[in-house]
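Me: I want to go through some labels and the cut-offs behind them. Please show me the model.

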Amino acid sequence: MKWRLMAAFVGVTLLVLLVQDVPLSFYLRGVENDRIITALERDAFVLAGRSEEALESVDIADDAALTAVARTYRDAGGARVVIVNNRGEAVVTSDDDQSRVGVSYASRPEIIDSLTGAITTGTRYSDTLQEDLLYVTVPVFSGDEVLGAVRLTYPSQVVTDAVNDQLRMLGLVALTTVLLAGVVGFIFSSTVTRRLHLLRQATERLAEGDLASRADETAGAPEIRALSRSFNRMAERLNTLIQQQRTFAADASHQLRTPLTALRLRLERARELMNADPRGAAERLTAAEGEVDRLGNIVEGLLLLSRTEGHSAPLITVDLADIARQRVEQWAALAAEIGVDIRFEGPASAPIQATAEAAEQIVDNFIDNALTVSPPASTLIVRVSVDGDTTAVHVLDEGSGLSPEDCSRAFDRFWRATSDSAGSGLGLAIVAQLAVASRASARLTPRAGPGLDASVTFTTALVR
């Protein structure tokens with residue numbers, strides 16, 4: 001990936017340079033050509049002005065001053081100067097060898113046009129010099145009369161050399177740009193791929209069983225940091241789930257071992273007494289049925305706890321007051337059988353945010369536990385209270401209660417107040433897990449008098 005990123009950087013840079021520099025080279029050639037022609041036209045008019053007086057005389061063959069000017073101009077700029085009279089005959093040249101003086105240039109198209117008063121520019125091939133020349137020819141006027149013409153010629157190779165010098169400079173700049181693009185591409189690709197490589201290593205460590213493996217969320221591009229955060233959340237979630245599975249397996253094996261052992265002993269004893277003491281065997285079988293029921297309760301609780309662990313179901317809006325009222329009505333008959341007065345206190349409506357059926361199971365578990373410890377002729381209150389952003393359900397019993405230390409441990413799995421207490425010890429653990437899934441909090445608090453206050457505090461739902 002690193003080399004592909006570098007190639008992409010360099011390729012894009014080359015493409016931009018080609019799109020920019022190829023048209024620029026043609027533009028520079030045209031600009032340089034126009035600049036030289038403009039300079040030649042200017043200089044030709046200056047020489048034409050100096051040639052006017054000389055061309056008006058009858059014999060200028062010995063005009064040394066004009067010849068010196070032509071040679072000085074040649075030496076300074078490199079252009080060849082030819083001045084002709086109105087018949088097209090050369091009267092002054094910039095050549096050191098003045099053998100061309102007196103030679104007729106009347107056959108040259110540019111000379112013919114200038115003797116008619118026109119200014120001519122262009123490029124032509126010189127048979128004498130065997131090269132392409134740029135030329136500028138201007139007429140020499142005296143009033144309206146054309147006395148002659150001044151022609152300046154310039155090797156076109158000079159223009160080519162000047163353009164090539166500029167193109168070489170552009171090429172150097174382009175090469176430097178490409179090298180810089182390669183360096184930047186290497187740094188950028190190394191940074192990106194290094195972060196991805198570190199993330200891949202963290203993934204491999206996690207796949208090999210290192211649940212503590214985490215990615216660095218503080219370095220790299222925003223996308224890499226976001227990916228690292230997502231990976232760390234996944235790793236935390238996976239670690240939590242695995243730890244929960246291990247805890248679940250350990251707790252289940254521990255809690256199932258005791259009733260299974262008791263069940264096996266009772267069945268063995270019943271078999272031994274079946275012939276000698278049928279009544280004793282029946283008692284052992286009855287006790288075994290109790291152990292089977294206990295096993296069933298433990299398994300059912302473990303399955304429910306397993307379903308609620310790691311639960312990520314969406315929150316929905318439910319009416320806690322209506323749910324609590326309905327659960328009180330459902331438990332009223334059983335409460336009456338044991339002589340407990342159960343009643344509801346709270347508003348007509350109390351909307352909350354919770355997972356589906358969580359509120360029902362929480363209230364049921366609280367009432368079930370409270371009825372177990374409530375003495376006859378006592379009162380069990382299910383109260384719903386709203387306090388701004390939070391709404392709580394309280395189940396208040398008048399049982400023997402728990403110490404503050406026991407209240408803090410009561411939500412642990414398989415915890416029971418006494419070893420001979422009925423139940424599996426999973427009810428409050430399930431309540432705590434359902435509360436966590438609903439973004440709520442559960443707690444037990446000793447009451448001022450006898451009994452406990454079992455409560456769960458939910459987030460109040462906004463009703464539109």
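Me: Why is Asp341 called partly exposed?

Reply: Buried means under 20% relative accessible area, exposed means over 50%, and partly exposed is in between (1.4 Å probe, protein chains only). Asp341 has 41% relative accessibility, so Asp341 counts as partly exposed. This is a predicted model, where local features need pLDDT of at least 70, side-chain atom pairs count only at pLDDT 80 or more, and totals for chains, interfaces and linings use all residues. Side-chain values use heavy atoms, without hydrogens and water, and residues are numbered from 1 along each chain as its sequence is written.

Me: What makes the contact of Asp341 and Arg343 a salt bridge?

Reply: The term requires a side-chain nitrogen of Lys or Arg within 4 Å of a carboxyl oxygen of Asp or Glu. For Asp341 and Arg343, the N to O distance is 3.6 Å. That is within 4 Å, so the pair qualifies.

Me: Which other partner does Arg343 have?

Reply: Glu345, with the closest N and O atoms 3.6 Å apart. Asp341, Arg343, Glu345 and Arg383 are linked in a network of salt bridges.

Me: Why is Glu345 called partly exposed?

Reply: Its relative accessibility is 26%, so Glu345 falls in between the two cut-offs. Arg343, at 36%, also counts as partly exposed.

Me: How do you know that Glu204 and Arg200 form a salt bridge?

Reply: Their side chains meet at 2.7 Å, N to O. The limit is 4 Å, so the label holds. Both residues lie in helix α4 (residues 156-207), four residues apart, about one turn of the helix. Helices are DSSP runs (H or I, at least four residues), numbered from the N terminus.

Key
Helices (H or I, at least four residues) and strands (E, at least two) are DSSP runs, numbered from the N terminus.
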